[in-house]
Amino acid sequence: MSADTTTEAPEFPLSRGCPFAPPETATAFRDAGAPRRVTIWNGSRPWLITRHDQIQQVLGPGGRFGADVTHPGFPNTSSAQPHVEGGIFFRKDGDEHLPIRRILNPDFTAKASETLRPRIAELTEQLLDELPAKGQPLDLIEEFALALPTVVICEVLGVPLDQRHAVHEASKKVVQLSLPPEEKLAAFQELAENIHRTMAAKRDQPDDGLLSRLVNTWVDEKCVLTFEDAVNLGVLVIGAGHETTANMIGLGILAFLREPEQRDTLLSDPQKYAPTAVEEMMRYWSMVQTEPRRLCLQDTEIGGVLIKAGEGVICNLPAANRDPAVFADPERLDITRTERRHIGFGFGVHQCLGQNLSRVEMQEAWPRLFRRFPTLRLAVAESELHFHDDALTYGLEELPVTW
Ligand code: HEM
């Protein structure tokens, strides 16, 4: 067992050479088997974990790896990260994480998300109704893929619709890796101020939304959260709740356009294939590409390498979700695939809070879009599409289409 198998440590984040495949460096590391070091912005060299079983070892039970971004040695994305996220439960462990997660869980169970399905279907149809009048070519990211989750998460939280645009612009900056730290911090503050104002207004005008319950029940009645805690939760849910799903809806549309036989399968029986299509698209795209990150808290052997307490670890979901040890013919997109062990929503105690909501949105969006616009096609050559490689989440800048 060795402490370090190589002195070579490529720069991280890694780029995808082919837009439809994980970064080659990550898959090469995975195929070689052991964790390898990468170099991040501050010169430190955390371990990159690329195999499906090894990521489960890091993120699973045992408490050997922590999520607290304020711990020295944590492989932060920038110097701003501990300030922006340090106070939020999802970057905490144990008693600072679980009780807060339990407050939010009821709003995002499979059952709660299923209850929202009729409304999500209605919003999807409304957006599709509006598309023809917008003219062609049309950017499906802005007008559909982003519009749907933004409205849905605003409704879940109770954020007024006229704040939608401002909220989206600010949260987009918070997740952009290449942005200078001051700009990220400013965007975060803008988002926090917006949620702060909205939440304060809910004290006089309560409603069924999550923001209202956070402030009226958990801050004022039960005194479990401070007002600031509640604002931070609102900011997190809004940030995590629309950009992610929007990217996935857009990437899924592109995949169906490239592989029309998959679209035909989907449309042949959406009840049956929309759920499996969502899992397969999550696996295929693995669009969370620079997370999860953790700090090793106790010396642990992973894949024959000793990871020492105090060393950082970054999990690479794109490589793991194409791990041939788990998925047969992993490079192939197949929406009838029944192997569901992808870790696109993470794994373990920090596994995605909003995964059920996100699933329902994708399940409604894709079949309704392709049923309504059977001749939908790209309005530009595929090589002209721009993917954002520099963000926490992978996605398309624009998706110009015609029909
Ligand atoms: C396709 C869409 C989405 C993807 C791919 C995704 C992915 C992820 C991943 C990989 C994690 C784990 C991070 C880690 O372990 O460090 C995570 C956590 C989280 N996600 Fe999502 N997410 C999506 C949608 C959403 C939505 C819609 C919401 C909000 C309603 C949301 C809220 C959260 C929160 C709050 C956490 C932290 C949970 C915790 O630490 O306990 N996500 N997500």
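In this predicted model, 29 residues surround the ligand, and those that come nearest are His97, Arg101, Arg294, His350 and Cys352. Three of these residues place polar side-chain atoms beside ligand oxygen atoms. For histidine 97, a polar side-chain atom lies 2.7 Å from an oxygen atom of the ligand. Arginine 101 likewise has a side-chain N or O atom 2.7 Å from a ligand oxygen, and a distance of 2.7 Å is also found between an oxygen atom of the ligand and a side-chain N or O atom of histidine 350.

The wider shell can be described by where its residues come from and by their class. Helix 12, which spans residues 227-258, and helix 16, residues 355-372, each contribute at least two residues to the shell around the ligand. Helix 12 provides the largest share, with seven residues. Sorted by class, the shell holds 18 nonpolar residues, nine polar residues and two charged residues.

Attention now turns to empty space within the protein. Rolling a probe the size of a water molecule over the atoms shows where such space is left. Three cavities of 30 Å³ or more are counted in this model. The second largest has a volume of about 40 Å³. Its lining is made up of Phe12, Pro13, Leu14 and Pro23, together with Gln289, Thr290, Asn316 and Asp389. By class, four of the lining residues are nonpolar, three are polar and one is charged.

Two residues from this lining, Phe12 and Pro13, also share a backbone feature worth a look. Most peptide bonds are trans. The bond that joins phenylalanine 12 to proline 13, however, is cis, with omega at about 5°. Proline 13 sits in the segment that precedes helix 1 (24-32). A further cis peptide bond runs from glutamine 136 to proline 137, where omega is near -5°. Proline 137 belongs to the loop between helix 6 (117-130) and strand 4 (138-139).

The backbone angle phi also draws attention to two loop residues. Most residues other than glycine have a negative phi. Serine 286, although not a glycine, has a positive phi of about 40°. This serine is located in the loop that links helix 14 (270-285) with strand 5 (293-296). Serine 286 counts as buried because its relative accessibility is 2%, and the cut-off for a buried residue is under 20%. Aspartate 329, again not a glycine, has a positive phi of about 45°. The loop between helix 15 (317-320) and helix 16 is where aspartate 329 is found. Its relative accessibility is 45%, between the limits of 20% and 50%, so aspartate 329 is classed as partly exposed.

A final residue to consider is serine 113, which is placed in helix 5 (residues 110-115). Is serine 113 buried or exposed? With a relative accessible area of 1%, under the 20% limit, serine 113 is buried. Setting aside neighbours within four places in sequence, serine 113 makes contact with Phe108, Asn356, Leu357 and Val360. Of these partners, Asn356, Leu357 and Val360 have numbers that fall in the range of helix 16 (355-372), one of the helices that supply residues to the shell around the ligand.

Technical notes:
Residues are numbered from 1 along each chain as its sequence is written. This is a predicted model: local features need pLDDT of at least 70, side-chain atom pairs count only at pLDDT 80 or more; totals for chains, interfaces and linings use all residues. Side-chain values use heavy atoms; hydrogens and water are left out. A residue is near a molecule or strand if one of its heavy atoms lies within 4 Å of it. A polar contact is a pair of N or O atoms within 3.5 Å; within protein, one must be able to donate a hydrogen and the other to accept it, and residues adjacent in sequence count only if both atoms are side-chain atoms. Helices (H or I, at least four residues) and strands (E, at least two) are DSSP runs, numbered from the N terminus. Ala, Val, Leu, Ile, Met, Phe, Trp, Tyr, Cys and Pro count as nonpolar, Asp, Glu, Lys and Arg as charged, and the others, Gly among them, as polar. On a 1 Å grid over the protein atoms alone, a cavity is a set of points where a 1.4 Å probe fits but cannot get out, and a pocket is an open set with protein on both sides within 12 Å along at least five of seven lines; lining residues have an atom within 4 Å of a point. Grid points are joined across faces, edges and corners, and a volume is the space filled by probe spheres set on the points. Buried means under 20% relative accessible area, exposed over 50%, partly exposed in between (1.4 Å probe, protein chains only). Contact means heavy atoms within 4.5 Å.
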